[in-house]
Amino acid sequence: MKKITIAIDGHSSCGKSTMAKDLAREVGYVYVDTGAMYRSVTLYALRNGLFTEGGINEEALRQQMANIQISFKFNAETGRPDTYLNGELVEHDIRTMEVSNHVSPIATLGFVREAMVAQQQQMGKDKGVVMDGRDIGTVVFPDAELKVFVTASAKVRAQRRYDELKGKGMEADFDEILKNVEERDYIDSHREVSPLRKADDAIELDNSNMTIAEQKQWLMDRFNEAVKA
């Protein structure tokens, strides 16, 4: 069976990462969480004092981009890859609300996106990859054989994010999360560099009223169609 490239884009907290991870595991493909990459850069910036009252110290971050290396290692216990920043496991650290509240401004920076896209394209150069994010089908892999654009209502996505954080034993406030989701939607869709948008040849999925099992089957059906095309 031929190997293909699968690009899954969509709004924050719409479940695209869960769908992508599950599909990659089912079909034996490599999974790359590009959102985790931008979250890792954000964590680096927070840890190194690159956020100021006036915003981001862009020049300092630009000079340090070469020092930011992101990788993924398979976790046998969870059956999914964990995110590493310069060799340090940061899977838990990058999921906090502090990082969520700072990631969109980082992701709008052209030099950050350029560095991350280069790493992403290297990871997927041999196909057999499932990658999710905001601009995979439009910028990173415009020639991907299967492109999916996932969306859901803001309230549904906020509730999913709330449940996820509570399930991990982390503090969560629904109203704060909903505000964050709506702000990220606006920033992601209006940024000058690689704005979030559906690729012309992407298949749209609104999963507001779908179970994880239903989403998983829908994506598997699309995958089977793509590899036979």
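What follows is a chat between a trainee and a mentor about one predicted model.

Trainee: Before I dig in, what average pLDDT does the protein chain get?
Mentor: This is a predicted model, and its protein chain averages a pLDDT of 92. As for the spread, 100% of the residues score at least 70.

Trainee: Which elements have the lowest and the highest mean pLDDT?
Mentor: Strand β5 has the lowest mean, at 88, and β7 has the highest, at 97.

Trainee: OK, β5 then. What sheet is it in, and in what order do the strands run?
Mentor: It's an open sheet of 3 strands, ordered β5-β6-β7, with antiparallel pairing.

Trainee: Why do β5 and β7 each have one side without a neighbour in the sheet?
Mentor: Because they stand at the edges: β5 (70-75) and β7 (88-89) each have a single partner strand.

Trainee: How many bridges join β5 and β6?
Mentor: There are 6, in the antiparallel sense, and β6 covers residues 80-85. If you want to trace the register, Lys73 stands opposite Asp82 in β6, and Phe74 is opposite Pro81.

Trainee: And what's in the turn between those two strands?
Mentor: β5 and β6 make a hairpin with 4 residues between them. Look at Gly79 in that turn: its phi is positive, about 75°.

Trainee: Switching topic: how many aromatic pairs turn up in the whole structure?
Mentor: The search finds 1. It's Tyr29 with Phe223, in an edge-to-face arrangement with 5.7 Å centre to centre and 85° between the planes.

Trainee: Where do those two residues lie?
Mentor: Tyr29 is in the loop between α1 (16-27) and β2 (30-33), while Phe223 belongs to helix α9 (residues 212-228), so the pair ties together parts that are 194 residues apart in sequence.

Trainee: Are the two rings' residues buried or exposed?
Mentor: Tyr29 counts as buried, with 11% relative accessibility. Phe223 is buried too, with a relative accessible area of 3%.

Trainee: Now pockets. What's the volume of the largest pocket?
Mentor: About 950 Å³. Its lining takes in 40 residues, and Ser17, Thr18, Lys21, Arg95 and Glu164 lie nearest the centre.

Trainee: Which elements give two or more residues to that lining?
Mentor: For the largest pocket they are α1, α2 (34-47), β6, α4 (97-107), β8 (129-133), α7 (154-167), α8 (174-190) and α9. The most comes from α1, with 5 residues. You've met β6 already in the hairpin with β5.

Trainee: How does the pocket lining split by class?
Mentor: The largest pocket has 18 charged, 13 polar and 9 nonpolar residues in its lining.

Trainee: What about closed-off space, how many cavities of 30 Å³ or more are there?
Mentor: The count comes to 1, and the largest cavity has a volume of about 30 Å³.

Trainee: Which residues line the largest cavity?
Mentor: Asp9, Gly137, Thr138, Lys147, Val148, Phe149, Arg197, Lys198, Ala199 and Ala202. By class they come out as 4 nonpolar, 2 polar and 4 charged.

Trainee: Which element gives the most there?
Mentor: That's β9, with 3 residues in the lining of the largest cavity. Helix α6 (136-140) and β9 (146-151) each supply at least two.

Methods:
Residues are numbered from 1 along each chain as its sequence is written. This is a predicted model: local features need pLDDT of at least 70, side-chain atom pairs count only at pLDDT 80 or more; totals for chains, interfaces and linings use all residues. Side-chain values use heavy atoms; hydrogens and water are left out. Two strands pair if DSSP finds at least two bridges between them. pLDDT is the predictor's confidence in each residue, from 0 to 100. On a 1 Å grid over the protein atoms alone, a cavity is a set of points where a 1.4 Å probe fits but cannot get out, and a pocket is an open set with protein on both sides within 12 Å along at least five of seven lines; lining residues have an atom within 4 Å of a point. Grid points are joined across faces, edges and corners, and a volume is the space filled by probe spheres set on the points. Ala, Val, Leu, Ile, Met, Phe, Trp, Tyr, Cys and Pro count as nonpolar, Asp, Glu, Lys and Arg as charged, and the others, Gly among them, as polar. Rings of Phe, Tyr and Trp (its six-membered ring) pair if their centres lie within 6.5 Å; planes under 30 degrees apart count as stacked, over 60 as edge-to-face and the rest as tilted. Buried means under 20% relative accessible area, exposed over 50%, partly exposed in between (1.4 Å probe, protein chains only).
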